[in-house]
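Ready for a few short exercises with worked solutions? Keep the viewer open and try each task before reading on.

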Amino acid sequence: MRIGRFDVRIFSDGVLRLDGGAMFGIVPKVLWEKQKPADERNRVAMDMNCLLIRDADHVVLVETGAGPKLTAKQKEIWGIDGPPRLLDELKSRGLRPDQITLVVNTHLHFDHSGGNTYRDGDRLVPTFPRASYVFQRLEWQDAMSPNERTRGSYLADDYAPLEAAGKLELIDESVEIIPGVRLDRVQGHTRGTQTVRVSDRGETLFFSSDFMPDRHHLPLPWIPAFDLFPLDTLAAKKLVLRRAIDERWIVGFTHDLPRLGRISESEGKYRFGEVAD
Ligand SMILES: [Zn+2]
């Protein structure tokens with residue numbers, strides 16, 4: 001898809017499965033399972049989406065999926081069946097890892113940052129050797145010192161080696177990382193989660209983060225129990241959805257089928273209408 005001068009693509013690194021109750025928070029199972037059927041372990045399947053943004057001078061990769069370092073046990077727990085697809089997806093678009101100029105993670109949970117690094121012998125090295133990796137400073141701090149509630153979602157091997165490699169670029173709040181690509185901190189899922197907005201020539205594409213992981217989370221009270229600040233998620237959803245409708249943003253989600261669309265509202269209900277990529 002073109003957004004002004006940018007070529008923007010969305011694709012999946014693979015599928016993971018998380019507990020459906022945790023994904024839908026206070027929403028009763030009788031409601032959410034109509035949208036997302038649960039498996040025998042009560043898990044729902046979700047794609048791990050990555051966004052690729054290109055213009056003549058930059059190749060920006062947003063999210064790197066679950067990556068190649070998970071143990072068999074971790075893959076079993078999270079229902080990740082296949083190998084990571086990220087590098088093949090880039091290759092099919094004519095891109096080698098050393099052509100990526102910037103890597104952005106919306107936050108540092110394992111299913112968004114796992115492909116940042118890989119194991120080379122007994123060393124952990126950046127997968128994208130010429131890229132800077134851009135995270136919110138608060139997310140970095142929280143990921144480097146997780147607590148009892150957050151520990152299960154962070155795997156330091158996905159991001160700690162980037163500091164030693166000199167690849168880290170920490171930002172605060174809202175930053176235009178290249179002309180037309182803006183990152184905004186949105187507290188909700190975590191303190192340092194960031195969203196991505198690509199704007200050029202009057203068109204805007206918005207890439208959500210896990211405060212609104214798929215189209216099933218458009219109804220305002222449908223908020224994951226994973227969110228550390230659910231009322232901030234609620235406030236952010238109201239603001240973002242209003243703007244997405246008023247300004248006719250193209251919206252992509254972190255955990256939907258890889259697809260892009262527009263949001264509309266009628267009789268108090270938000271709807272997602274797919275737009276061809
Ligand atoms: Zn996620």
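The exercises below concern a predicted model and go from a metal site to strands and cores.

**Exercise 1.** Find the protein donors of the zinc ion and work out how they are spread along the chain.

*Solution.*
Step 1: Look around the ion. Asp111 (OD), His112 (NE2), Asp210 (OD) and His255 (NE2) are the donors, at 1.9 to 2.3 Å from the zinc ion.
Step 2: Read them in sequence order, and the spacing is D-H-x97-D-x44-H.
Step 3: Place the later two. Asp210 sits in the loop between S13 and helix H8 (230-246), while His255 belongs to the loop between strand S14 (250-252) and strand S15 (260-266), so the pair links parts of the chain 45 residues apart.

**Exercise 2.** Decide which geometry class suits the zinc ion.

*Solution.*
Step 1: Take the angles subtended by the 4 donor atoms; they span 87 to 159°.
Step 2: Compare with the cut-off: a tetrahedral label needs all angles between 85 and 135 degrees.
Step 3: The angles from 87 to 159° make the arrangement irregular. As a reference, ideal angles for four tetrahedral donors are 109.5 degrees.

**Exercise 3.** Is Asp111 buried or exposed, and what does this residue touch?

*Solution.*
Step 1: Asp111 lies in helix H5 (residues 110-113).
Step 2: Its relative accessibility is 7%, and because buried means under 20%, Asp111 counts as buried. Asp210 and His255 are buried too.
Step 3: Beyond neighbours within four places in sequence, Asp111 is in contact with Leu16, Met48, Gly65, Ala66, Asp210 and His255.
Step 4: Add the side-chain link to His112, a polar contact of 3.3 Å.

**Exercise 4.** Trace how S10, S11 and S12 are paired.

*Solution.*
Step 1: S10 and S11 run antiparallel and are joined by 4 bridges; one partnership is Glu176 with Arg182 in S11.
Step 2: Inspect the turn. The hairpin of S10 and S11 has 2 residues between the strands, and Gly180 there takes a positive phi near 100°.
Step 3: Move on to S11 and S12, also antiparallel, with 5 bridges. Here Arg185 has Gln194 in S12 as its bridge partner.

**Exercise 5.** Which residues have the most contacts inside the largest nonpolar core?

*Solution.*
Step 1: This core has 23 residues, and the answer is Ile53, Val196, Val198 and Leu205.
Step 2: Strand S2 (6-19) supplies the largest share, 3 residues.
Step 3: Follow Leu205, whose contacts beyond neighbours within four places in sequence include Met1, Val8, Leu51, Val196 and Leu260.
Step 4: Finally, find the second, separate core of 20 residues, with Leu86, Leu95, Val103 and Leu108 among them.

Technical notes:
Residues numbered from 1 in each chain as written. Predicted model: local features only at pLDDT ≥ 70, side-chain atom pairs only at ≥ 80, totals over all residues. Heavy atoms only, no water. Core = buried A, V, L, I, M, F, W, Y, C linked by side-chain atoms within 4.5 Å. Buried < 20%, exposed > 50% of the residue type's maximum accessible area, 1.4 Å probe, protein only. Contact = heavy atoms within 4.5 Å. Donors = N, O, S within 2.8 Å, 3.2 Å for Na, K, Ca; no water. Tetrahedral: all angles 85-135°; square planar, octahedral: opposite > 155°, others 65-115°. Polar contact = N/O pair within 3.5 Å; in protein donor to acceptor, adjacent residues only side chain to side chain. Pairing = 2+ DSSP bridges.
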